[in-house]
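Work through the following exercises with the sequence and the model side by side, and attempt each task before reading its solution.

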Amino acid sequence: IYLKNAGYEARPLSVDHYYLELTDQPKFKIRNNRADVNYDHIEAMDVPLANAHIVALTQGKTVMTPQYSFKSGMREGPGHEFTLPEKNILIIEGIHALNPLYTQGVPPEAVFKIYISPLSALQVDDFNAVKTTNHRLLRRMCRDFLFRGYSVSQTLGAWQKVRVGEHAFIFPHQNDCDFVMNSAMEYELCVLKTFVEPGLSKVPPSDPNFELAQELLLTLKYIDCWDDRNVPSTSLLREFIGNGAFD
């Protein structure tokens, strides 16, 4: 929207649709167990296809981008025809979008990198604060439950893999960015609580993730529940709770 107001016709390309299909995932091939797949590892991505498409688009060519389903782990249909208008901007978006492997065929001077992350340390009282890592976990938990078919316990169980993946494949690239944006909004925790608290409350003591669930519930105890009706349709938070203007 902002680029359009400035006279540019920007087009978004999500690398999240460039995951390898489940049957092609290296870890899945070993035991045919989807739980083994680490979606936060760069090996889970079809980097050659994404790189080829990005290079082709910047050269004015038309490509068929894949449509990936997180619920099935497979690509759906023939994909979407995608063309970048001449002399306009391609926005590459997604968890691994900053990885230079995706743009290795593009001149460096044509790439502008933006790192977006919630960087909050909300102090709820003299003794309790919301850690940035927990802020991101609550976002992910909400999105996974609403749109990816994962239970709260499954998201909690995968969190350690996520943290390892961040340190290996995301954080090393953040210092190479041209701009860093803090996307944290203090009110969003009130909205996220409405979505995630019921699921967290159902994690039983026998669950290996029970302790982490209780830690999150203890933090949320100091925060009110808010309805999402006042969240703007263009808010970044809508990526995690749905009903956004760009859905």
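**Exercise 1: the overall fold**

The secondary structure of this predicted chain comes to nine helices and ten strands, where helices (H or I, at least four residues) and strands (E, at least two) are DSSP runs numbered from the N terminus. The model is predicted, so local features need pLDDT of at least 70 and side-chain atom pairs count only at pLDDT 80 or more, whereas totals for chains, interfaces and linings use all residues. Residues are numbered from 1 along each chain as its sequence is written, and side-chain values use heavy atoms, with hydrogens and water left out.

Task: Establish how compact the chain is, using its radius of gyration.

Solution: Begin with the radius of gyration, taken over C-alpha atoms, and with the globule rule, 2.2 Å times the number of residues to the power 0.38. The chain has a radius of gyration of 19 Å, close to the 18 Å given by that rule for 247 residues, so it is as compact as a globular protein of that length. Next, take the principal axes, along which the C-alpha trace spans about 55 × 50 × 30 Å. Finally, turn to burial: buried residues make up 41% of the 247 residues, buried meaning under 20% relative accessible area, exposed over 50% and partly exposed in between (1.4 Å probe, protein chains only).

**Exercise 2: two loop residues**

Task: Decide whether lysine 71 is buried or exposed, and do likewise for aspartate 228.

Solution: Start with lysine 71, which is found in the loop between strand S3 (68-69) and strand S4 (74-75). Because its relative accessibility is 56%, lysine 71 counts as exposed. Leaving aside residues up to four places away in sequence, lysine 71 touches Arg34, Phe147, Arg148 and Gly149, a contact being heavy atoms within 4.5 Å. Of these partners, glycine 149 is 78 residues from lysine 71 in sequence, yet 5.8 Å from it in space, C-alpha to C-alpha.

Then consider aspartate 228, which is found in the loop between helix H8 (210-220) and helix H9 (238-241). Its relative accessibility is 19%, and therefore aspartate 228 counts as buried. Again not counting residues up to four places away in sequence, aspartate 228 touches Val191, Phe195, Arg238 and Ile241.

**Exercise 3: salt bridges**

Task: State how many salt bridges there are, and place three of them in the fold.

Solution: First apply the rule, by which a side-chain nitrogen of Lys or Arg lies within 4 Å of a carboxyl oxygen of Asp or Glu; the count comes to twelve salt bridges.

One of them joins lysine 27 and glutamate 43, whose closest N and O atoms are 2.7 Å apart. This pair links distant parts of the chain, with lysine 27 in helix H2 (residues 26-31) and glutamate 43, 16 residues away, in the loop between H2 and helix H3 (47-58). Lysine 27 counts as partly exposed at 33% relative accessibility, as does glutamate 43 at 26%.

A second bridge pairs arginine 140 with aspartate 144 (3.9 Å, N to O). Because they are four residues apart in helix H4 (residues 132-147), about one helical turn separates arginine 140 and aspartate 144. Arginine 140 is buried at 18% relative accessible area, and aspartate 144 is buried at 3%.

A third bridge joins lysine 193 to glutamate 197 (3.9 Å, N to O); both lie in helix H7 (residues 188-201), four residues or about one turn apart. Lysine 193 counts as buried at 8%, whereas glutamate 197 is partly exposed at 24%. Elsewhere, salt bridges that share partners join Asp40, Arg140, Arg143 and Asp144 into one network.
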